[in-house]
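Please look over the structure below. The questions after it are meant for a reader who is new to it.

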Amino acid sequence: MNTAASVITKTRAQPQLQTNAKKKHVGILSGAFNPIHNGHLMIAEQVYEQLDLDKILFIPDKIPPHRGISRYIPKVSVDDRINMVKYGIRDNPHFELDMTDIDLGGVSYTYETIKRLKKRNPNTEYYLIVGYDMVENLPKWSHIDELVKEVHFVGVCRKGFEKKSDYPVLWVNTPVIEISSTVIRQRVREGKSLKYFVPDDVAWYIKDKGIYKK
């Protein structure tokens, strides 16, 4: 394949089919969200703004495929992860929780998620937000050749990363925020503050439920 990449600077991405002016343009940010944090929210907001999307869907995984079924042991319940997403996005009118992967059950494969979303909303163009490390692994994704025909990949640029891929990727520049769910869980175990790592409501929920203490 030929390398295909472009950098977005505050302009609506072109839909695959331009004949229907009523199409909606919706971003997707999926993951374990264990927990959701300010890095997730910053990336979603930047993609929403720079691509001029209608909204961003936050889709929690049931079981992340890259961790494997036998090795994946949830640190918290699915309900807790869902509730943390709800608390994290509730003050943003263009962020929305989507339960597609939870409803599908089992391992969360992006191809199945997109098929379900497009069947439910055939008049919507979807933009899947992926990190630079995920872009490098696209050749290993399940049904990748079919998937690139069904969804726009949006690559989140990181410092020192070369913007290239053998697949069509829309590159969006975002501020570098060195926050990870792993670091947040570690901070909780060490009794440290989560201020500015997660939204205040998420920090309250984690403390109130006693999540990540062990």
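What follows is a series of questions and replies.

Me: What kind of model is this, and how are its residues numbered?
Reply: This is a predicted model, in which local features need pLDDT of at least 70, side-chain atom pairs count only at pLDDT 80 or more, and totals for chains, interfaces and linings use all residues. Side-chain values use heavy atoms, with hydrogens and water left out, and residues are numbered from 1 along each chain as its sequence is written.

Me: How many helices and strands are there in the protein chain?
Reply: Helices (H or I, at least four residues) and strands (E, at least two) are DSSP runs, numbered from the N terminus. By that rule the protein chain holds 8 helices and 7 strands.

Me: What percentage of the 214 residues in the protein chain is buried?
Reply: Buried means under 20% relative accessible area, exposed over 50%, and partly exposed in between, with a 1.4 Å probe and protein chains only. Of the 214 residues in the protein chain, the buried share is 46%.

Me: Which element gives the most residues to the largest nonpolar core?
Reply: A nonpolar core is a set of buried Ala, Val, Leu, Ile, Met, Phe, Trp, Tyr and Cys residues joined through side-chain atoms within 4.5 Å. The largest one has 33 residues, and those touching the most other members are Ile-36, Val-47, Leu-51, Ile-56, Phe-58, Met-84 and Ile-206. Among the elements that give two or more residues to this core are H2, strand S3 (55–60), helix H7 (181–189) and H8. The element that gives the most, with 4 residues, is H1.

Me: Which residues does Ile-206 touch, not counting residues up to four places away in sequence?
Reply: Contact means heavy atoms within 4.5 Å. With residues up to four places away left out, Ile-206 touches Pro-35, Met-84, Val-188, Leu-194, Ile-211 and Tyr-212.

Me: Are helices H2 and H8 roughly parallel or roughly antiparallel?
Reply: Axes are lines fitted to C-alpha atoms, for helices over the stretch in contact, and angles run from 0 to 180 degrees between N-to-C directions. Angles under 35 degrees count as roughly parallel, over 145 as roughly antiparallel, 65 to 115 as roughly perpendicular and the rest as oblique. The axes of H2 (residues 78–89) and H8 (residues 200–209) come within 8 Å and cross at roughly 150°. H2 is therefore, relative to H8, roughly antiparallel.

Me: How is the aromatic pair of Tyr-87 and Tyr-205 classed?
Reply: Rings of Phe, Tyr and Trp (its six-membered ring) pair if their centres lie within 6.5 Å; planes under 30 degrees apart count as stacked, over 60 as edge-to-face and the rest as tilted. Tyr-87 lies in helix H2 and Tyr-205 in helix H8, so the pair ties together parts that are 118 residues apart in sequence. With 5.5 Å centre to centre and 45° between the planes, the pair is tilted.

Me: Which of the two is buried and which is partly exposed, Tyr-87 or Tyr-205?
Reply: Tyr-205 has 4% relative accessibility, so Tyr-205 counts as buried. Tyr-87 has a relative accessible area of 22%, so Tyr-87 is partly exposed.

Me: Which residues does Gln-46 touch, not counting residues up to four places away in sequence?
Reply: Gln-46 has its place in helix H1 and counts as buried, at 16% relative accessibility. Leaving out residues up to four places away, Gln-46 touches Val-172, Asn-173, Thr-174 and Pro-175.

Me: How far apart in space are Gly-39 and Ser-180, C-alpha to C-alpha?
Reply: Gly-39 is found in helix H1 (residues 38–50) and is buried, with a relative accessible area of 6%. Beyond its neighbours within four places in sequence, Gly-39 is in contact with Ile-177 and Ile-179. Gly-39 and Ser-180 are 141 residues apart in sequence, while in space, C-alpha to C-alpha, they are apart by 7.6 Å.

Me: What is omega for the cis peptide bond that joins Asn-34 and Pro-35?
Reply: Most residues other than glycine have a negative phi, and most peptide bonds are trans. Pro-35 lies in the loop between strand S2 (24–31) and H1. The bond joining Asn-34 and Pro-35 is cis, with omega about 5°.
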